[in-house]
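Please prepare a short report on the fold of this chain, with attention to how its strands pair and to what makes up its interior.

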Amino acid sequence: MTIGRKLAVTAAAAALTPALLVVSAGSASAHGYISSPLSRQAQCAQHLVKDCGDIQYEPQSVEGPKGLTSCNGGLSQFATLNDDNWGWQPQKVGSSTSFTWTITARHATTTWQYFVDGRKVTEINDGGKQPGASVTHSVNLAGLSGRHKMLAVWNIADTPMAFYNCVDLDINAAPAATAKAPAAAKKSFWSKVSDLF
Ligand SMILES: [Cu+2]
C-alpha cells in the first residue's frame, strides 16, 4: 500500500466513524411504547403528567432484560414510572379494548404480553417477525371492572431485551353522570315563578 493510498483509507475510516456513532445512538434510543390508550410514559410525553423526568423525552425507551414486572424496565432514570401515585390519568376502557404501540425501531418480535394486576390476560406470538410502525392488539378484559394496572411487554426476538409499559385502566367505568342540576334549577325557578300567581 502506498503512503497516498494509506492516507486515503485512514481518511475514509475517519469520515465513517461519526456516521456509525450516529446510527448506534439512534437505534439505542428508538424502540416503542403504547400510545393508545395513554400509557404512563405517553402521559409524560404529552405533559399530561408533570415532573416525569427523562421519560418525557423518550417514552419509547423503557427497555430492560426480559421477564421483569416493573413499569420502568429496571432503569433508575425512569423510576417515576413505578410510582402508582404520580398522578396517572386512568384510561376508561371497555371489556374488549385495542392497545396500540407506536414502534420507532421495528425489532423482530417473539411475543407481546399483557398482564393485569400481575396475571397474564393476553399473549400474541409473532414468531420472530418484524412489526409495522404501528401495532394494535385487541385485549379481552372481560370479568374485570374499575381501576386496574396493566403491564404490557414487547419481547424482542434477537436480543435478551424487552420493552415495558404500564397503563392505568378504569374498566367499564360508568359514563360520567349527565349534568341534571341546571335543568332542576331551571324548573325550581319556574315553579317559584308559578308560586307568585
Ligand atoms: Cu430499539
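The report below moves from the overall fold to the strand pairing and then to the nonpolar core.

**Overall fold**

The coordinates come from a predicted model, and everything that follows should be read with that in mind. The chain contains three helices and nine strands, and, read along the sequence, these elements follow the pattern α-β-α-β-β-β-β-β-β-β-β-α. Of the 197 residues of the chain, 29% count as buried. Among the contacts with a separation of 6 or more, 66% are made by residues 24 or more positions apart.

**Strand pairing**

Strand S1, which covers residues 32–36, is largely enclosed by the rest of the structure, because four of its five residues are buried. This strand pairs with S4 (residues 96–103) in the antiparallel sense, and within that pairing the bridge partner of Gly32 is Ile103.

Strand S5 takes part in two antiparallel pairings, one with S8 over six bridges and another with S6 (residues 119–125), likewise over six bridges. In the pairing with S8, Thr109 of the chain stands opposite Ile156, whereas Thr111 stands opposite Asn125 in S6. The connection between S5 and S6 is a hairpin with two residues between the strands, and Asp117 in the turn has a positive phi of about 50 degrees.

The antiparallel pairings described here are set side by side in the table.

| Strand pair | Sense | Bridges |
|---|---|---|
| S1 and S4 | antiparallel | four bridges |
| S5 and S8 | antiparallel | six bridges |
| S5 and S6 | antiparallel | six bridges |

**Nonpolar core**

Which residues of the largest nonpolar core touch the most other members? They are Ile34, Met150 and Ala152, in a core of 34 residues. At least two residues of this core are supplied by each of S1, helix H2 (40–45), S4, S5 (109–116), S8 (146–156) and S9 (161–171). The largest share, seven residues, comes from S9.

The surroundings of Met150 can be given in further detail. Leaving aside its neighbours within four places in sequence, Met150 is in contact with Tyr114, Phe115 and Val116, and also with Cys166, Val167 and Leu169.

Taken together, the paired strands and the core overlap in their membership: S5 and S8, which pair in the antiparallel sense, each supply at least two residues of the core, and S1 and S4, which also pair in the antiparallel sense, each do so as well.

How values were computed:
Residues numbered from 1 in each chain as written. Predicted model: local features only at pLDDT ≥ 70, side-chain atom pairs only at ≥ 80, totals over all residues. Buried ≥ 20, exposed ≤ 12 C-beta atoms within 10 Å, placed from the backbone. Contact = placed C-beta atoms within 7 Å. Pairing = 2+ DSSP bridges. Core = buried A, V, L, I, M, F, W, Y, C linked by C-beta atoms within 7 Å.
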